[in-house]
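This report walks through one chain, from its domains to its sheet, its ligand shell and one glycine. Keep the structure in view while reading.

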Amino acid sequence: MTRPDDAVVQFSLVQLDDYGPWTVTPEPRSEPSLQALQSRLYADLADFVGSRDGYVFPSRYDNMIAVSNRISPEEHRRFQELVRNHYPVTASVGVGTGPTPVDALGAATEALQSTGSAQDATRTERLATACDDAPGGSLTVAHFDVVDATEQYTDREHAFDAERRIKRAVVELSDRMRDHGAVTAFVGGDNAIAVCPDLPDGVYDDVLAGVRDAAGVEMRVGVGRGETARAAGQGAKHALERGRDTGEWVTAAPASTDD
Ligand SMILES: Nc1nc2c(ncn2[C@@H]2O[C@H](COP(=O)(O)OP(=O)(O)OP(=O)(O)O)[C@@H](O)[C@H]2O)c(=O)[nH]1
């Protein structure tokens with residue numbers, strides 16, 4: 001199947017095969033060892049996708065999300081092979097494209113779901129791709145962070161309360177960005193990254209105001225565009241740094257792929 005003409009973004013949904021039953025076979029496995037396995041597998045996915053100029057989000061760890069523009073089906077198979085060779089579990093992958101990140105992740109989800117249940121013992125290492133070439137258009141990445149998180153929360157509040165406050169703000173943020181077709185993920189510290197359609201600046205202003213009203217947390221954003229998630233994301237990071245200096249949030253000019 002070829003990809004839709006208006007596709008600008010490709011997402012890959014990586015899902016561990018039959019992982020739930022494995023975690024309790026022959027008896028429940030120790031939680032720290034499961035956490036270590038999940039973290040290592042995520043680190044390998046981040047290296048694999050990052051070295052191909054994509055972006056990756058841990059999601060629920062048994063399901064992980066990659067922005068995979070320009071990463072071919074053959075390369076996805078190489079990642080599946082890596083997992084098989086290094087871990088006691090295998091991974092299936094759904095790949096989807098669409099005009100918005102929400103559409104593309106939806107297509108990846110449907111492709112994967114069409115191959116069978118996450119807990120089907122006979123579903124092993126499926127690669128479900130709804131397209132035979134990856135889109136090469138321009139991507140938008142928005143990198144958000146909390147203003148003065150260290151001084152206001154990290155250095156003052158109970159660690160658990162600081163965590164809850166920041167996570168609550170990110171939930172508010174991702175709900176609002178989803179309404180605009182963006183997929184947003186918490187990426188650590190006080191940071192969240194959204195892969196977005198091309199949105200007017202006013203949308204970011206409204207979203208930041210909405211998060212402030214709902215969660216009482218002030219965030220800023222840098223926005224970058226580029227032909228890969230890496231290029232767009234680096235542009236967003238540079239824009240965020242400029243925003244720290246000026247107090248305004250900033251949209252970066254399209255970044256080159258080798259930025
Ligand atoms: N994943 C990720 N984490 C980051 C990044 N930058 C900072 N962090 C994390 O966020 C925490 C807070 O850092 P900052 O955002 O620089 O600190 P701040 O106190 O909010 O200060 P301002 O952002 O300047 O208002 C750090 O301790 C890191 O854990 C980034 O680019 N990516």
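The model is predicted.

**Domains**

The chain is divided into domain 1, residues 9-129, and domain 2, residues 139-251. Their centres, taken over C-alpha atoms, are separated by 25 Å. Contact between them involves 12 residues of domain 1 and 15 residues of domain 2. On the domain 1 side, β2 and α4 (101-113) each supply at least two of the touching residues. The largest share comes from α4, with three residues. By class, this side of domain 1 has seven nonpolar, three polar and two charged residues.

**The five-stranded sheet**

An open sheet of five strands runs in the order β2-β3-β1-β4-β5, and its pairing is mixed. The edge strands are β2 (55-57) and β5 (127-129), each of which pairs on one side only. From one strand to the next, the twist averages 15°. Helix α3 (residues 73-86) packs on this sheet. It touches β1, β4 and β5, and its direction makes about 155° with that of β4.

Strand β1 covers residues 9-16. How many of its residues are buried? Eight of eight are. Both faces are covered. On one side lie Val9, Phe11, Leu13 and Gln15. On the other lie Gln10, Ser12, Val14 and Leu16. Each of these residues is buried.

Two strands pair with β1. Strand β4 (residues 91-98) is antiparallel to β1 and joined to it by eight bridges. Within that pairing, serine 12 has valine 95 of β4 as its bridge partner. Strand β3 (residues 63-67) is also antiparallel to β1, with five bridges. Here phenylalanine 11 is partnered by valine 67 of β3.

Strand β4 also pairs with β5, and these two run parallel over three bridges. Valine 95 appears again here: its bridge partner in β5 is threonine 129. Valine 95 thus has bridge partners in two strands, serine 12 of β1 and threonine 129 of β5.

**Strand pairings in both domains**

The table sets out the pairings described here, with those of β8 included.

| Strand pair | Direction | Bridges |
|---|---|---|
| β1 and β4 | antiparallel | eight bridges |
| β1 and β3 | antiparallel | five bridges |
| β4 and β5 | parallel | three bridges |
| β6 and β8 | antiparallel | six bridges |
| β7 and β8 | antiparallel | five bridges |

**Strand β8 and its partners**

Strand β8 spans residues 191-196. It is mostly covered, with five of its six residues buried. Six bridges tie β8 to β6 in the antiparallel sense. In this pairing, alanine 142 stands opposite alanine 194 of β8. The pairing of β8 with β7 is antiparallel as well, over five bridges. Valine 183 has valine 195 of β8 as its bridge partner. β7 and β8 form a hairpin, with two residues between them. Glycine 189 sits in that turn and has a positive phi of about 60°.

**The ligand shell**

Which residues are closest to the ligand? They are Ala149, Thr150, Gly188, Gly189 and Asn191, out of 14 that surround it. Four elements give two or more residues to this shell: β6 (139-146), α5 (149-154), β7 (183-188) and α8 (229-246). Helix α5 gives the most, with three residues. The shell has four nonpolar, four polar and six charged residues. Glycine 189 links two parts of this account: it is among the residues closest to the ligand, and it lies in the turn of the β7-β8 hairpin.

**Glycine 54**

Glycine 54 is placed in the loop between α2 (31-50) and β2. Is glycine 54 buried or exposed? It is buried, because 26 other C-beta atoms lie within 10 Å, and 20 or more is the cut-off for that class. Leaving aside neighbours within four places in sequence, glycine 54 is in contact with Val49, Ala66, Val67, Ser68, Asn69, Ile71 and Ala229. Among these contacts, Val67 is also the β3 bridge partner of phenylalanine 11. Serine 174 is 120 residues from glycine 54 along the chain, and their C-alpha atoms are separated by 20 Å.

Technical notes: Residues numbered from 1 in each chain as written. Predicted model: local features only at pLDDT ≥ 70, side-chain atom pairs only at ≥ 80, totals over all residues. Buried ≥ 20, exposed ≤ 12 C-beta atoms within 10 Å, placed from the backbone. Pairing = 2+ DSSP bridges. Near = placed C-beta within 6 Å. Nonpolar A, V, L, I, M, F, W, Y, C, P; charged D, E, K, R; others polar. Axes fitted to C-alpha atoms, helices over the stretch in contact; angles between N-to-C directions. Contact = placed C-beta atoms within 7 Å. Domains from an automatic or database assignment.
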